[in-house]
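Here's a quick briefing to read alongside the structure. Have the viewer open and click through as you go.

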Amino acid sequence: MIIEIAAQGGFGGIAAANLHKTIDVQDQPEQMRQDLCEAFEPDQLARLARQPCGDCADRLTYRITVTDDRRTRSFTLREAQIPPDMLDLIDQM
Amino acid sequence: MCFSLHCSHHHPVACIVPPYMLRVMALRGDPRTAEMARALLKQTEKLRDERAELNRGGLPPAHPISGAFATAAVSPAEGLCCPDRRIHDGQHKAALPGKLIRSEGDGPTGIPDADTAYDAAGQVFSLFAKEYGRNSLDGEGMPLVATVHHRRDYNNAFWNGTQMAYGTGDGKVFRTFLELSVIGHEMAHGVIQHSGGLIYENQSGALNESIADVFGSLALQRALGQEVHQADWLVGRGILGPGINGAALRSMKAPGTAYSDDLLGQDPQPWHMDHFVATSDDNGGVHINSGIPNHAFYLFCAYLGGRAWELPGRIWYRALQTLNNPMASFSDWADQTMDAAIELAGRGSIETVMLRRAWKLVGIAI
Ligand SMILES: [Zn+2]
């Protein structure tokens, strides 16, 4: 499974300030691999994307693309829709 | 509030019984009553979710903003002396608010970010309280909750509807977010939310951004005791990384000139409607097109001279309190500032003439 994350928006409005990461889950240590597979499970992402977003002043928007053997799926998630644990995981990636 | 849709004929009680009473009925009522209460609670929950969904983009829960509200917010209230600051350490994690490290009245922590957040929150509170008669962000003395060290290498600061959060920056693009104009900007988002809100996309979103920049800059100018021509009118001065070619994040005096760098590119802010940027990025360019109303405010202040947080700040604040239009365009906002200027400075006054001239110079006729 390959996870690609691109952020945009934020207080600065500067594209270069935002992270852009691509990782292959298979290359990660066992624990990280498990955490990533759970957090970035496409149905889980789709569920998060449907949550109400609330206040968004200066917040980031994440474009998350997950590719596995069968297909590629993309989701747009507001920072406020992503649980803190998952944001920590993104910061660790 | 109860919408007819949810006032079913089977459960007229849904319209009048508040949720806390329903919870008591669900616990203590006889089986039939308890079951009804549970059903109604579920409905209330659903309604709340739906409302939350409607209230996207910085728009607060719907409540009527009347003239009475505006007057109350503008005239000095009693017991308005003191902020209630609560600074937390996010410990580089995303969970908010994190660990409380400095409450109101506590001495410095020795953690620079936390102490700057504390001091700056006091400056911003003081601007709104002493100059505009507003008791905290909601006008009702709400605590000023802030988290520093939010996430890891996080290049952002934000207001999440209830609190401020500041990253440390990655040290490359940003070196910090703890700077008074930035902190004033984030806190002003709270004031805007509690003043009827401005939907955070396209022109209303760029107004939301611009008004946040205006009060952020005014908080800084007032703290430094600078008059219009002494101030640099920069937002986020010194927060860019050491290797970045730029003075600040935005310039209200000369939008589009704050930075010019190989990595960041050129500051994209326009100062005139002719260069309004149509984009779907950044919620429709909210951090880009804010340059236009930012520059109109700067021009107005420059024409008048003196202290920008006094009459110009009061006019912008009054316009925000009386706007009552979360979808306002730049033009709607310009009209509203004119109404406020007429109220505060008089019809036909030199101030109103200068205000009209300022808006005209950025391509907005009023
Ligand atoms: Zn903002």
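Let's start at the metal: the zinc ion is coordinated by A:Asp58 (OD), A:Asp58 (OD), B:His185 (NE2), B:His189 (NE2) and B:Glu209 (OE), at 2.0 to 2.3 Å. A:Asp58 sits in the loop between α2 and β3 of chain A, while B:Glu209 belongs to helix α6 (residues 202-224) of chain B, so the pair joins two chains. Keep in mind that this is a predicted model.

**Around the zinc site**

- Are A:Asp58 and B:Glu209 buried or exposed? Both of these zinc ligands are buried.
- Helix α6 of chain B, home of B:Glu209, also holds B:Asn202.
- B:Asn202 has a positive phi of about 55°, even though it isn't a glycine.
- As for solvent, B:Asn202 is partly exposed, with a relative accessible area of 44%.

**The chain A sheet and its helices**

- Chain A has an open sheet of 4 strands, in the order β2-β1-β3-β4, and the pairing is antiparallel.
- At the edges you'll find β2 (20-24) and β4 (72-78) of chain A, each pairing on one side only.
- From one strand to the next, the twist averages 15°.
- Helix α2 (residues 42-49) of chain A packs on this sheet, where it touches β3 and β4 of chain A. The direction of α2 makes about 30° with that of β4(A).
- Strand β3 (residues 60-67) of chain A pairs with β4(A) over 7 bridges, in the antiparallel sense.
- Within that pairing, which residue of β4(A) does A:Ile64 stand opposite? The partner is A:Phe75.
- Helix α3 (residues 84-92) of chain A lies across β1 (2-9), β2 and β3 of chain A, and runs at about 75° to β3(A).

**Chain B at a glance**

- Chain B comes to 11 helices and 9 strands.
- Of the 366 residues in chain B, 53% are buried.
- Take the chain B contacts between residues at least 6 apart in sequence: 59% of them join residues at least 24 apart.

**Strand β3 of chain B**

- How many of the residues in strand β3 (residues 144-148) of chain B are buried? The count is 5 of its 5 residues.
- Side chains in a regular strand alternate between the two faces of the sheet.
- Here, both faces of β3(B) are covered: B:Leu144, B:Ala146 and B:Val148 are buried on one side, and B:Val145 and B:Thr147 are buried on the other.
- β3(B) pairs with β1(B) in the parallel sense, over 5 bridges. In this pairing, B:Arg86 stands opposite B:Val145.
- β3(B) also pairs with β5(B), again in the parallel sense, over 2 bridges. There, B:Ala146 has B:Met164 as its bridge partner.

**Two acids in one chain B loop**

- B:Glu179 is in the loop between β5 (164-166) and α5 (180-193) of chain B.
- B:Glu179 is buried, yet it has no salt bridge. Its nearest side chain of opposite charge is B:Arg237, 7.4 Å away, whereas a salt bridge needs the charged atoms within 4 Å.
- Beyond residues up to four places away in sequence, B:Glu179 touches B:Leu220, B:Gly236, B:Arg237 and B:Ile239.
- B:Asp170 is also in the loop between β5 and α5 of chain B.
- B:Asp170 is partly exposed, because its relative accessible area is 32%, and the buried class stops at under 20%.
- Setting aside neighbours within four places in sequence, B:Asp170 is in contact with B:Asp153 and B:Asn155.
- For a sense of scale, B:Asp170 and B:Ala302 are 132 residues apart in sequence and 36 Å apart in space, C-alpha to C-alpha.

**Backbone oddities in chain B**

- Most residues other than glycine have a negative phi, and most peptide bonds are trans.
- The peptide bond from B:Leu96 to B:Pro97 is cis, with omega near 0°. B:Pro97 is in the loop between β1 (85-89) and β2 (99-103) of chain B.
- B:Asn283 isn't a glycine either, but it has a positive phi of about 50°.
- Where is B:Asn283 found? Look in helix α7 (residues 282-289) of chain B.
- B:Asn283 counts as buried because its relative accessibility is 14%.

Terms used: Residues are numbered from 1 along each chain as its sequence is written. Chains are lettered from A and ligands numbered from 1 in the order in which they are written. This is a predicted model: local features need pLDDT of at least 70, side-chain atom pairs count only at pLDDT 80 or more; totals for chains, interfaces and linings use all residues. Side-chain values use heavy atoms; hydrogens and water are left out. Two strands pair if DSSP finds at least two bridges between them. Axes are lines fitted to C-alpha atoms, for helices over the stretch in contact, and angles run from 0 to 180 degrees between N-to-C directions. Contact means heavy atoms within 4.5 Å. Donors are N, O and S atoms within 2.8 Å of the metal (3.2 Å for Na, K and Ca); water is not among the atoms, so sites may look incomplete. Buried means under 20% relative accessible area, exposed over 50%, partly exposed in between (1.4 Å probe, protein chains only). Lys and Arg count as positive and Asp and Glu as negative; His and the chain ends are not counted.
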